[in-house]
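This report is for a reader new to the structure shown below. It takes up enclosed space, sheets, a helix pair and some backbone details in turn.

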Amino acid sequence: MSKPTAAPLRLGVVGLGGIAQTAHLPLLRRRWDLFDVTAIADLSRQRRDMVGAGLGIPQERRHSDLVSMLDAGPIDGVVLLTGGSHGPETLECVRRGIPVLCEKPLAFTLAEADAIATAEAEQGRPLVLVGYMKEYDDAVVQARSAIPATGIRAVDVEVLHPADGAQLAFANLLPAPSDVDPVTLAALTDRTALVVDAAVGVAAPAMLRTLYTNVLLGSIVHDVSLLRHLLGGIEDIDGARHWPPDVMPGSVEVSGSIAGGARLHIGWHFIPGYPAYRETVTIHHGTGSVQLVFGVPYVLNLPTELTVVSATGTGEERAVSRASTEAFENELVAFHAMVVDGTAPRSGVAHGRADIATAQLMAHALAQSAGVELGGECSP
C-alpha cells in the first residue's frame with residue numbers, strides 16, 4: 001500500500017511587495033503539493049485585498065500585521081518578506097514555536113539575533129531558515145564540489161546593480177499602495193531608527209546608516225553568505241570605501257581575506273542605467289578557477305552559469321554549465337523539510353548572526369575610510 005500524501009503546510013505570507021509578487025507567491029502556487037497559503041498580512045489593505053482575491057483567501061484571513069495573523073491561527077509556518085530588519089517578527093514567530101522563512105537579513109543587530117537564538121534553543125528544534133536563495137542554487141552546489149579543499153589564492157566578487165525599475169519592468173507589479181496608515185508607518189520608521197542606532201550609533205552619518213542597512217545587509221550580505229557556504233566565510237576585513245562621495249548608494253569596495261588566508265575583493269556598483277543585473281563570483285586556486293554568474297533574481301528559472309577552468313597537460317579545459325532549476329523553489333522545499341522533518345537549514349540563526357557581524361566589520365572599515373567613528377555594536 002502506498003504511503004498517504006501529507007497535507008500541504010498552511011502558510012502565512014507577511015509582506016506582499018516585489019519579491020512576494022515575482023518569486024515567492026508564484027512558487028508557492030507551483031508547489032501546491034507542499035504548501036497552501038491560508039493567510040496573508042500587509043500594511044496596505046488595497047494590496048492584501050488584491051493579492052487575497054487572487055489567492056482565494058477569505059477576508060478574515062487577510063491581516064494588517066503578523067501578530068493578528070498568528071493570533072487568528074491555525075498556521076504551520078510563516079514566510080516573512082517585509083523590508084528592513086526581520087528580527088522582531090522572527091522572534092515573535094519563534095517564541096510561539098512557529099517556523100519562519102525570513103528574507104535576508106535576519107536582523108540589523110547582533111542583539112536581535114541573540115534573542116532569536118535563545119528563543120529557538122528553548123523550543124529545541126530549528127525554526128528559522130534565513131532566505132539566502134543562492135545557497136540553494138544547483139550551480140552553487142556544483143561549484144562547491146569543484147572547489148578544492150586547499151590552495152585557494154584569491155576571491156573576486158563583482159556586482160553590477162541597475163535600478164530596480166529596470167529589473168522589475170517585466171513583472172507588472174501591483175500599483176504602489178496609497179492607503180498605509182501614516183501613524184503605523186511612522187512607528188515602524190522609529191523602530192527601525194532605534195535598531196540602526198544600536199548597530200552603528202546615534203551619531204553615525206546618514207550615508208553610513210544607509211550603506212549599512214541597504215547595501216551591506218540589503219545586498220552584499222548575499223555574497224557574504226555565499227562565501228561562507230562555499231569557503232567557510234570571510235575571516236577579516238582590512239579596507240573598504242564608498243564613492244562617489246555625493247552619490248548614494250554609488251559604489252562600495254571591500255578588501256580582506258577569507259578563511260585560510262586567500263585574498264578577497266568585493267566591488268559593488270549601483271549603476272541605474274546598466275542594462276541588466278549581473279553578479280560574478282570567481283575563485284582562483286592553484287590549478288584553475290571556479291566562476292559563478294548570477295542574473296537578475298526576480299526572473300524565475302533564469303540559468304546561473306558555472307565555469308570551471310582546470311589544467312590539462314600544457315593547456316586548459318573550460319567546462320561551462322547552466323543550472324535552470326529555481327533556487328527560490330529549492331529554498332522553499334528546504335523550508336518544508338525543516339518544518340516537517342526538523343532538517344537543519346543551510347543558513348539558520350547562527351549563520352545569520354555571523355553575517356551581521358561581518359557586515360559590521362565592513363561598516364567599521366567604511367567609517368574609517370570616511371574619517372568617522374561608529375558607535376553601537378560597530379564601536380571600535
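## The largest cavity

In this predicted model, 17 residues line the largest cavity, and D137, P297, L302, T304 and E326 are the ones that lie nearest its centre. The space inside the largest cavity comes to about 180 Å³. By type, the lining of this cavity consists of 10 nonpolar, 4 polar and 3 charged residues.

How many cavities of 30 Å³ or more does a search of the whole structure find? The search finds 1. In general, empty space is located by rolling a probe the size of a water molecule over the atoms.

## The sheet of 8 strands

One open sheet has 8 strands, in the order β8-β9-β10-β7-β11-β12-β13-β14, and its pairing is mixed. At its edges are β8 (234-243) and β14 (315-323), each of which pairs on one side only. From one strand to the next, the twist averages 10°.

Within this sheet, β12 (residues 288-294) and β13 (residues 304-312) run antiparallel and are joined by 6 bridges. V293 has E305 of β13 opposite it. T304, one of the residues nearest the centre of the largest cavity, falls in the range of β13, residues 304-312.

## The sheet of 6 strands

Another open sheet is formed by 6 strands in the order β3-β2-β1-β4-β5-β6, with parallel pairing. Its edge strands, each pairing on one side only, are β3 (62-63) and β6 (128-131). As a general point, the strands of a sheet pair through backbone hydrogen bonds, either parallel or antiparallel.

Strand β2 (residues 35-41) runs parallel to β3, and 2 bridges join them. Which residue of β3 is the bridge partner of I40? The partner is R62.

## Helices α1 and α2 and the second largest pocket

The axes of α1 and α2 are 12 Å apart, and the two helices pack at an angle of about 25°. Angles under 35 degrees count as roughly parallel, so α1 and α2 are roughly parallel to each other. Their crossing is right-handed.

Both helices also take part in the second largest pocket: α1 (18-30) and α2 (45-55) are the elements that give two or more residues to its lining. The largest share, 4 residues, comes from α1. The full lining is made up of Q21, L25, P26, R29, V51, G54, L55, A171, N172, L173 and L174. These divide into 7 nonpolar, 3 polar and 1 charged. About 200 Å³ of space lies in this pocket.

## Backbone details

Most peptide bonds are trans, and most residues other than glycine have a negative phi. Three places in this model are worth checking against that background.

The peptide bond from G73 to P74 is cis, and its omega is near -15°. P74 belongs to the loop between α3 (66-72) and β4 (77-80). K104 and P105 are also joined by a cis peptide bond, with omega about -10°. The loop that holds P105 runs between β5 (100-103) and α5 (110-123).

Is the phi of N172 positive or negative? N172 is not a glycine, yet its phi is positive, at about 50°. N172 sits in the loop between α7 (164-168) and α8 (182-200), and N172 is also among the residues that line the second largest pocket.

Note on methods. Residues are numbered from 1 along each chain as its sequence is written. This is a predicted model: local features need pLDDT of at least 70, side-chain atom pairs count only at pLDDT 80 or more; totals for chains, interfaces and linings use all residues. Side-chain values use heavy atoms; hydrogens and water are left out. Two strands pair if DSSP finds at least two bridges between them. On a 1 Å grid over the protein atoms alone, a cavity is a set of points where a 1.4 Å probe fits but cannot get out, and a pocket is an open set with protein on both sides within 12 Å along at least five of seven lines; lining residues have an atom within 4 Å of a point. Grid points are joined across faces, edges and corners, and a volume is the space filled by probe spheres set on the points. Ala, Val, Leu, Ile, Met, Phe, Trp, Tyr, Cys and Pro count as nonpolar, Asp, Glu, Lys and Arg as charged, and the others, Gly among them, as polar. Axes are lines fitted to C-alpha atoms, for helices over the stretch in contact, and angles run from 0 to 180 degrees between N-to-C directions. Angles under 35 degrees count as roughly parallel, over 145 as roughly antiparallel, 65 to 115 as roughly perpendicular and the rest as oblique. A crossing is left-handed if the near helix is turned anticlockwise from the far one by less than a right angle, and right-handed if clockwise.
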